[in-house]
Amino acid sequence: MMTITFPDGNSRSYELGMSGLDIAKSISPRLSSEALSMKLNGQLYDLNRPINGDAAVAFYKWEDEEGRQTFWHSSSHLMAAALEQCYPGVKFGIGPAIENGFYYDVDFGNQTITESDLGKIETVMLALAKEKRPFVRREVTKEEALHTYTNKGDEYKCELISDLQDGTISFYTNGAFTDLCRGPHIPDTSLIKAVKLTAIAGAYWRGDEHRNMLTRIYGITFPKKSLLDDYLLMLEEAKKRDHRKIGKEMELFAFSPRVGQGLPLWLPKGAALRERLENFLKVVQKAHGYQQVISPHIGQKELYVTSGHYEKYGKDSFKPILTPQEGEAFLLKPMNCPHHCEIYRLKPHSYKDLPVRLAEFGTVYRYEQSGELHGLTRVRGFTQDDAHIFCRPDQLKEEFCKVIDIVLYIFKTLSFTDYTAQVSLRDPKDTVKYIGSDDNWDKAERAIIEAAAEKGLETTVVQGEAAFYGPKLDFMVRDAIGRKWQLGTIQVDYNLPERFDLEYIGSDDKRHRPVMIHRAPFGSMERFVAVLIEHTGGKFPLWLAPEQAVILPISEKFNDFAKKVCHVLNNSDIRASVDERNETIGKKIRENEIKRIPYLLIVGEKEEDADLVSVRKQGAGDQGQMTAVAFAAMLTNEINQQQKPLK
Ligand SMILES: [Zn+2]
Ligand SMILES: [Zn+2]
């Protein structure tokens, strides 16, 4: 017999060799039909694999991230099985689960595949799924694994196997298809009830542009047809909210192939929007004791060798910039931190001076492969709303609380009401790879957890996710259509103070190392604006809107009156302009609505005679007539309500 312990602490005895599925069945038929995978003594494990000793067990269902990951990863095997049936001789790279679904990288050889073939593959997948094919695990030797794939002529799998250690290699078979995989998988394919293959893209083998280009097929699957319908609806809505499309319609930003891929050009309206966001944050930061600094876009290579960034980014990033002077080399800055460390170093610090909080909207450059670039969310040059706090170890918690305050204030003002936070701690079983003393780590980890609790954050704590240089707190927001985005980060760093030999004189008159906190509540201006566009669909709060009102004369005859109205509004700091084009009023309304201008003011003969404007509000229709002065006062009031001053 063996003793199985459940997450609630209860335990029961079972016969040796029973599987997770057997155990689930003994608990309830419902659990056994909904369980997708399990955790066995901390490791993911197949539900249909025998258990051979006492164990702690937790089941994962669709509602759990781990459950969905197992489901989607298993679905990639199902897709591969369908592909092998439809395209004999194809070779496979890797097929992981991703955030929403899965993909498989496939070498189709001489055969071709296009989007129009995806429907056919979906049909085959569903037919195979119905056959209720179990996923059967078999452990093999490295020699046997290599032999299998050498016979099959799949050089990709052979390469993967060569990198594996003997004794830990397993094959999974479902039906006629066998794959090299460490698992786990769902018990059988019949759990997969709905399939959508979403896209085809090119992907270099192992992300290396010097190697073969494979075909990456993306898909998503569900245990219920209705879940797929919901998902497709969400995708449609996401398409409408695509920040690349809206950014163009609102004339916020653009890309020019001549300027270069991944290098956004901020157009006047976008630049003004960004400036408003920056000013908004600057005011908050000033109130929290931050000092604004400015550092150059490049720095001597040595600076980044000192910081360790050269080692991290140097090889895969932009090459050094050389000058006519021999031996002189600069790098585009990948991070602002080294510059701020140098600012800190400029003068001696006493414990009484700390914390020092240096903030900069600093533009950094990191090379991304062209295939990875995406609108404003993946770019090669971006501006971080960066700041570095240099403090004493005993100040960590208070500083974390203050940064959390700033982040929550931003979320509140910009109506991100649904957010969670993740605390990343070090791996308690492997403390060697982390820099900094155990004592400091314990203190910092406790400080973060306490600060998050004090601020009422809904937090998950993950062990082993910390960077080698310190624990951190990350914020995830859920947007208006339920998608998750990672935004701000607050990160403790014991490494850079060491590398830059930063010091302060303590109350004991001795030298001490300050702790450094990196924090960027927006993440980057580019990413934040993208998320904000997708969250609001471009309908920004009034205080942020690029144009708050546009005046639409019914015909050219009323252009002068419209300009007079505009003048009144501009004098009240309302961002307004006149659409003087010789177009029909219907067309002007439509086109300005696409630009998501919150208020449209229509002026014609009636309005001019009465010295009034007819007000239309985006999404709310006709608001009646009023004087320009009354309209300006109404907007000013609305703006003041939105921009709540910081407590
Ligand atoms: Zn697998
Ligand atoms: Zn930093």
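**Entry 1: burial and the zinc site.** I looked up Cys181 and His185 in this predicted model and found both buried (under 20% relative accessible area, with over 50% exposed and partly exposed in between; 1.4 Å probe, protein chains only). Each of them coordinates the zinc ion (ligand 1), Cys181 through SG and His185 through NE2, and the other donors are NE2 of His73 and NE2 of His77. The coordination runs at 1.9 to 2.1 Å (donors are N, O and S atoms within 2.8 Å of the metal, or 3.2 Å for Na, K and Ca; water is not among the atoms, so sites may look incomplete). I noted the sequence spacing of the donor residues as H-x3-H-x103-C-x3-H.

**Entry 2: basis of the model.** Local features need pLDDT of at least 70 and side-chain atom pairs 80 or more, while totals for chains, interfaces and linings use all residues. Side-chain values use heavy atoms, without hydrogens and water, residues are numbered from 1 along each chain as its sequence is written, and chains are lettered from A and ligands numbered from 1 in the order written.

**Entry 3: the sheet.** I traced an open sheet of 5 strands with mixed pairing, in the order β2-β1-β5-β3-β4 (strands are DSSP runs of E, at least two residues, numbered from the N terminus; two strands pair if DSSP finds at least two bridges between them). β2 (11-14) and β4 (43-45) are at the edges with a single partner strand each, so one side of each lacks a neighbour in the sheet. β3 (residues 37-40) pairs with β4 in the antiparallel sense over 3 bridges. I found Lys39 opposite Leu44 in β4.

Definitions and conventions:
Helix = DSSP H or I, 4+ residues; strand = E, 2+ residues; numbered from the N terminus.
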